[in-house]
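Biologist: Please take a close look at one part of this model for me. Then work outward from there.

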Amino acid sequence: MEPITDLATCLLCGAGASPALNLPRFAGAACQGCAQRVGHLLVQDPTSLTDIWPLLADDVDDEPEPSVQRADGKTVELRQVIAEMKRELSVEDRMKLAEMYGEIGLIREQLEECGRVLVAAPAAGLAQRALDVLFSEELCSPRGIEELRGRMFPA
Ligand SMILES: [Zn+2]
């Protein structure tokens, strides 16, 4: 989707958003700075955002993490190996990974991956793709923007 206009106002910080990232469901836009702040929130403390994205509460670590053995014989958690592999990915590939997580129903992973994409402050096109997922009707609470605004810019 194309940015609506270069003169849109960010729904989160209230400043001019240029380039503007679309939040069509909330009839407005966000600036890139706020998109990155949303990413940081998602990466740092996802479980505090369940009133905005209810599916972040999905199966939070109730199963033991599987372990794998490395070539050097060391046993490590699978999650650690995956984190190391992901570090090699480009931001675009991480966005593709987020979209794939969605297709296979791993929504919590999808939301967190979108957060990591935003933290990397990608070009507007990629940030837009992450926001399209995060602020979709399926995943984001109807009050999501208000809740986020209150958290990012406490009155
Ligand atoms: Zn903003």
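Biologist: Is A27 buried or exposed, and at what relative accessibility?

Modeller: A27 counts as exposed because its relative accessibility is 72%. The cut-offs are these: buried means under 20% relative accessible area, exposed means over 50%, and partly exposed lies in between, with a 1.4 Å probe and protein chains only.

Some ground rules come next. This is a predicted model, in which local features need pLDDT of at least 70 and side-chain atom pairs count only at pLDDT 80 or more, while totals for chains, interfaces and linings use all residues. Residues are numbered from 1 along each chain as its sequence is written, and side-chain values use heavy atoms, without hydrogens and water.

Back to A27. This residue sits in the loop between β3 and β4 (28-30). Helices (H or I, at least four residues) and strands (E, at least two) are DSSP runs, numbered from the N terminus. The backbone here deserves attention. Phi of A27 is positive, near 50 degrees, and the residue is not a glycine. Most residues other than glycine have a negative phi, and most peptide bonds are trans.

Another alanine also has a positive phi. For A121, the value is near 45 degrees. A121 belongs to the loop between α4 and α5 (124-134). With a relative accessible area of 47%, A121 is partly exposed.

There is a backbone feature in the loop between β2 and β3 (21-23) too, where P19 is placed. The peptide bond from S18 to P19 is cis, with omega near -5 degrees.

Now the metal site. Four sulfur atoms coordinate the zinc ion at 2.3 Å: SG of C10, C13, C31 and C34. Donors are N, O and S atoms within 2.8 Å of the metal (3.2 Å for Na, K and Ca); water is not among the atoms, so sites may look incomplete. The spacing of the zinc donors along the chain is C-x2-C-x17-C-x2-C. Distant parts of the chain are linked by C10 and C34, which are 24 residues apart: C10 is in the loop between β1 (8-9) and β2 (16-17), and C34 is in helix α1 (residues 32-44).

The geometry of the zinc site is tetrahedral, with angles of 106 to 115 degrees among the four donor atoms. Four donors count as tetrahedral if all angles lie between 85 and 135 degrees; four count as square planar and six as octahedral if opposite donors are over 155 degrees apart and all others between 65 and 115; anything else is irregular. Ideal angles are 109.5 degrees for four tetrahedral donors.

How accessible are these cysteines? Both C10 and C34 are buried. C34 counts as buried because its relative accessible area is 0%. C31, at 11%, is buried as well. The whole structure holds zero disulfides; a disulfide is a pair of cysteine sulfur atoms within 2.5 Å.

L12 shares the stretch of chain between β1 and β2, in the loop. This leucine is buried, at 5% relative accessibility. The C-alpha atoms of L12 and E146 are 8.0 Å apart, although 134 residues separate them along the chain.

Helix packing comes last. α1 packs with helix α4 (residues 107-119) at about 135 degrees, and their axes are 7 Å apart. Axes are lines fitted to C-alpha atoms, for helices over the stretch in contact, and angles run from 0 to 180 degrees between N-to-C directions. α1 and α4 are therefore oblique to each other. Angles under 35 degrees count as roughly parallel, over 145 as roughly antiparallel, 65 to 115 as roughly perpendicular and the rest as oblique. The crossing of α1 and α4 is left-handed: the near helix is turned anticlockwise from the far one by less than a right angle, whereas clockwise would be right-handed.

α4 also packs with helix α3 (residues 91-103), at an angle of about 160 degrees with the axes 8 Å apart. That makes α3 roughly antiparallel to α4. α3 and α4 also cross in a left-handed way.

Two residues complete this region. V91 is in helix α3 and is partly exposed, at 26% relative accessible area. I104 lies in the loop between α3 and α4. Its relative accessible area is 61%, so I104 is exposed.
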